[in-house]
Amino acid sequence: MKKKDLTPTQKLEQELLYQPKAAADAAPEAAEAAQEFCKGYMEFLNEGKTEREATAWCEQLLLQKGYQPFCPGTNYPAGFKVYMVNRGKNILAATIGSQPIEQGFHLNIAHIDSPRLDLKPMPLYEDGELALLKTHYYGGIRKYQWAAIPLALHGVFCRPGGETVRFSVGEDEGDPVFCVTDLLPHLGAEQGDRKLNDGLKGEELNILVGGTPIPDEEAKERVKLFTMQLLHEKYGIVEKDFIRAEIEAVPAFKARDIGFDRSMIGAYGHDDRVDGYAALMAEVECKAPHYTTVCVLADKEEVGSDGVTGLQGDFTFHFLRQLCAGQNADWITAFRASKCLSADVAAAFDPTFASAYEKRNSAFLGKGITVIKYTGARGKSGTNDAPAELVSYLVDILDENKVVWQTGELGKVDQGGGGTVAKFVANRNIDTIDIGVPVLSMHAPFEVVSKNDVYMAYRAFKAFNEALR
Ligand code: MN
Ligand code: MN
């Protein structure tokens, strides 16, 4: 190909200035693979709308790919693949490296819980001849977005004696769905004067589930009783059993292509199943890594990572320590030598709301995986600020493997802020950096990502897993 003659200024521009390119320009050959990769991702989104369902889906995949349940105290040979499910809500998978484990792990961590409406312990009530469910929202949602859309109910009931019964209603074509109602515009003037964040208040997120009374006019709360009777017939539960249940209302629609060009995906739960899926695919394809690779799909990120299935808990670090123990390796040494990609979605620049962003330091849809040095709020409060050396290490690996990447931070300074699990890993003396797929409408019932970015996330995790340093 004949190269155009550049003027000295153009040469300087090319040599000195940096202009991140869209994946479509930087790696046009990857477009087809991205479309193909995202078919599997969309299936995962449809099959795993809760952390429990996502975990079950991942476990099936890991078993198909030859992973074995982790057995503490075992000295696994290089290339061996193990996994562990933590309380049915999150999962860890590892491939043993050829190097001694004391030389460190390569960790890819994402989360598989997403914002939603959880049922309260005593949810069912009747009012205005209707049966409704009280909810308590989970994670940072914009409440007004959750009214007047079809919702599905997913969850578990526990029976006396400890049996857990899974159920889901609203996903199959023939299923009924549910919804939160909103006021008609004709009567909405007073509500319209509320601030947007109060457009719908927490106690107004009530889910409509029935309208038929039990055929006995003497009975009290006839619609509630009829609904309870249906639930009893179908699941064998009584009202008290809601207390020992975990039921989540999630959008009932499936993942769809977006755009005339089908370059994007609209779906519930991209945050952060998108990085979770990409990291898991990179993990299952890892054959004989130099360093032991560990993929962690965590729970409870959206509510602060507390508890036995969150990253502030010990489950990941106990797993790592037990892997070390199997090789009689010192875990402190192994942690210090480890590196972690803390994967979570990035805020993509939204041209409709441009004033919330600082364009030079925003992630854009379609420009690849986002490398995020720090998160936090105000003066970088509550962040793991990755050292320059670690950023350098990562972008070298991405460049060497032709992974299209960009950088970005979460909106303008002092516009808001947020955090990820990165600090909970870094606090254990493990070098950690944030990375993730940019998302539009983050935390909305219908979030948007670019297929090229999803594919580049997978390529990034794969490059990190295969790295020799
Ligand atoms: Mn997230
Ligand atoms: Mn989130």
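# A two-manganese site, a nine-strand sheet and two domains

The manganese ion (ligand 1) is held by His 111 through NE2, by Asp 271 through OD and by Asp 344, listed twice through OD, at distances of 2.1 to 2.6 Å. Welcome to this structure, which is a predicted model. The protein chain is assigned two domains, with domain 1 covering 18-114 + 268-465 and domain 2 covering 117-251. An open sheet of nine strands is also part of the picture. The points below start with the metal and then move outwards.

**The manganese site**

- Along the chain, the donors of the manganese ion (ligand 1) are spaced as H-x159-D-x72-D.
- Asp 271 sits in helix α7 (residues 270-284), while Asp 344 belongs to the loop between β15 and β16, so this pair ties together parts that are 73 residues apart in sequence.
- A second metal joins in: the manganese ion (ligand 2) is 3.1 Å from the manganese ion (ligand 1), and Asp 271 coordinates both.
- Are Asp 271 and Asp 344 buried or exposed? Both of these residues are buried.

**The open sheet**

- Reading across the sheet, the strand order is β1-β2-β3-β14-β4-β15-β21-β17-β19, and the pairing is mixed.
- The edges are formed by β1 (68-69) and β19 (405-407), each of which pairs on one side only.
- Inside that order, β4 (residues 105-111) and β15 (residues 339-343) run parallel and are joined by four bridges.
- One place to look is Ile 109, whose bridge partner in β15 is Ser 342.
- As general background, side chains in a regular strand alternate between the two faces of the sheet.

**A hairpin and its further partner**

- Strands β12 (residues 256-258) and β13 (residues 264-267) are antiparallel and share three bridges.
- Within this pair, Asp 257 stands opposite Ile 265 of β13.
- Five residues separate β12 from β13 in the hairpin, and Gly 259 in the turn has a positive phi of about 100°.
- β13 also pairs with β23 (residues 447-450), again in the antiparallel sense, over four bridges.
- Met 264 has Ser 450 as its bridge partner in β23.

**A glycine to find: Gly 368**

- Where is Gly 368? You will find Gly 368 in the loop between β16 (346-347) and β17 (369-372).
- Gly 368 counts as buried because its relative accessibility is 0%.
- Setting aside neighbours within four places in sequence, Gly 368 is in contact with Val 404, Trp 405, Gln 406, Pro 438, Asp 453 and Met 456.
- Gly 379 is 11 residues from Gly 368 along the chain, and the C-alpha atoms of the two are separated by 27 Å.

**Where the two domains meet**

- The C-alpha centres of domain 1 and domain 2 are 33 Å apart.
- To their contact, domain 1 gives 18 residues and domain 2 gives 16 residues.
- Together the two domains bury about 1,400 Å², with 53% of that area on carbon and sulfur atoms.
- Lys 49, Arg 52 and Pro 445 supply 35% of the area that domain 1 buries against domain 2, more than any other three residues.
- How many salt bridges are there between domain 1 and domain 2? The count is three.
- Arg 52 forms a salt bridge with Glu 246, in which the closest N and O atoms are 2.6 Å apart.

Technical notes:
Residues are numbered from 1 along each chain as its sequence is written. Chains are lettered from A and ligands numbered from 1 in the order in which they are written. This is a predicted model: local features need pLDDT of at least 70, side-chain atom pairs count only at pLDDT 80 or more; totals for chains, interfaces and linings use all residues. Side-chain values use heavy atoms; hydrogens and water are left out. Two strands pair if DSSP finds at least two bridges between them. Helices (H or I, at least four residues) and strands (E, at least two) are DSSP runs, numbered from the N terminus. Buried means under 20% relative accessible area, exposed over 50%, partly exposed in between (1.4 Å probe, protein chains only). Contact means heavy atoms within 4.5 Å. Donors are N, O and S atoms within 2.8 Å of the metal (3.2 Å for Na, K and Ca); water is not among the atoms, so sites may look incomplete. Domain bounds come from an automatic or database domain assignment. Buried area is the accessible area (1.4 Å probe) that two parts lose on being put together, summed over both. A salt bridge is a side-chain nitrogen of Lys or Arg within 4 Å of a carboxyl oxygen of Asp or Glu.
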